[in-house]
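User: I'm new to salt bridges and to words like "buried". Could you walk me through how such labels get decided?

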Amino acid sequence: MAGEVSWEDVQDVKEIIADIRDPDCDMRWVIFGYSTKDMKKLSVVDAGAGGLDEVVRHLKNTRVMFAFLMLEEKAFAFFQWCPEGASGMEKARASIHRSFITSYLGSVSVDLHAERLEDLSQGKIDEEYMYSRATAGRQLDSSEAQAKLAEESRRKEETVKRQAVTGNTFEAQKTLAKLGAAGRSMSTTEQGKLHTASGTNASSKIAAKSLSHTILSKAKIDVEFEEEDVLKELILDLREAEVGGDFDWMLLGYAEEKKNTLQLIETGAGGREAVVEYINDSLAGGLDRVLYILIKEDDSTNKCTFVAWIGMNVAAFRKANTSTHRGAISNWVTRVVHNLQEEYCQSGNDLLGLKEEGGEGLDA
């Protein structure tokens with residue numbers, strides 16, 4: 001069963017963070033990384049008294065890492081290093097564990113997700129820090145907010161193009177690159193407009209349309225994905241995985257307070273039994289949860305099982321929403337996994353093909 005992440009030596013981590021925050025101490029930065037193959041333990045990889053250049057020299061182009069450093073007194077930066085050479089599994093784990101790490105750091109002025117060394121140039125860090133200082137404690141006006149959104153959109157488009165050039169892609173990535181080019185032709189006055197339909201905010205203009213937005217908008221269903229690029233890469237890894245290996249399932253659920261946004265909840269190995277064990281231990285049996293599960297159960301390439309989990313206690317109106325979302329999500333997944341076997345379940349026993357006893361919880 002996949003478990004929660006923890007520190008190998010939490011006291012050591014706390015002491016190093018305290019030293020970096022202490023202006024009278026020489027310590028200026030620390031890098032954290034996974035210390036076990038199953039990515040359940042984090043530890044200190046390295047630390048030092050130099051600046052950004054020294055931090056960058058210690059990054060590995062095949063490993064996900066996390067760095068915390070002092071910019072100046074009372075100003076700190078955190079970045080998640082997800083190089084293109086790292087596996088989709090590592091990147092997915094990093095997206096799950098990011099909040100765990102930042103909970104130990106305290107406030108930061110710069111928070112970055114980096115895939116290339118260019119993303120961590122001194123100029124880039126300075127730009128983000130100055131923006132943070134300029135906007136601290138005040139609400140952005142519309143022009144500043146639009147400029148920030150446009151910059152984030154531009155960076156996402158550049159990432160997609162790099163992936164297409166390196167070949168670390170599939171048909172969906174090509175579609176994304178085309179959509180990014182089309183999105184740039186829109187004027188800034190058109191970006192981000194919302195209209196209200198049946199009491200729900202729906203986007204009428206999107207600057208750089210994501211693949212999920214394009215597919216789902218055709219079905220007139222408002223669903224989005226957090227960390228969409230990471231999810232696509234992880235699904236690709238699952239598609240190519242071997243049954244019985246160290247990765248054969250992934251679990252998606254709705255983000256908190258975002259009823260139409262899906263996020264990665266967990267990944268693991270051990271097939272259906274491990275999924276049931278995780279849901280039982282970590283999600284209270286999933287009785288009131290709507291979940292979407294992808295499982296690799298056949299060594300055939302391009303084949304996975306897609307399970308829509310609707311817990312026994314899920315309200316009727318949520319079940320209705322789920323029925324429309326499920327089809328759209330399935331369509332999105334099939335852009336990567338072309339042979340998708342679909343199932344429904346409402347409990348662990350259902351997922352394992354066992355008879356329910358008393359209709360309560362997970363008996364497996």
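Analyst: Sure, let's go through a few charged pairs in this predicted model.

User: Why is the contact between Asp111 and Arg98 called a salt bridge?

Analyst: The closest N and O atoms of Asp111 and Arg98 are 2.0 Å apart. The cut-off is within 4 Å, so the pair gets the label. In total, the structure holds 11 salt bridges.

User: What makes the Asp111 and Arg98 pair a tie between parts of the chain?

Analyst: Asp111 sits in strand 6 (residues 110–114) and Arg98 in helix 3 (residues 88–102), so the pair ties together parts that are 13 residues apart in sequence.

User: How do you know whether Asp111 is buried, exposed or partly exposed?

Analyst: Its relative accessible area is 41%. Buried needs under 20% and exposed needs over 50%, so Asp111 is partly exposed.

User: What about Arg116 and Asp119: why does that pair count as a salt bridge?

Analyst: Their N to O distance is 3.9 Å, and the limit is within 4 Å, so the pair counts. Arg116 has a relative accessible area of 24%, so this residue is partly exposed. Asp119 comes in at 19%, so Asp119 is buried under the 20% rule.

User: Why is Arg272 called buried?

Analyst: Arg272 has a relative accessible area of 15%, which is under 20%, so the word fits. Arg272 also forms a salt bridge with Glu343, with the closest N and O atoms 2.8 Å apart. Arg272 is in helix 9 and Glu343 in strand 14, so this pair links parts 71 residues apart in sequence.

User: What makes Glu228, Asp229 and Lys232 one network?

Analyst: Salt bridges that share partners join those residues.

Key
Residues are numbered from 1 along each chain as its sequence is written. This is a predicted model: local features need pLDDT of at least 70, side-chain atom pairs count only at pLDDT 80 or more; totals for chains, interfaces and linings use all residues. Side-chain values use heavy atoms; hydrogens and water are left out. A salt bridge is a side-chain nitrogen of Lys or Arg within 4 Å of a carboxyl oxygen of Asp or Glu. Helices (H or I, at least four residues) and strands (E, at least two) are DSSP runs, numbered from the N terminus. Buried means under 20% relative accessible area, exposed over 50%, partly exposed in between (1.4 Å probe, protein chains only).
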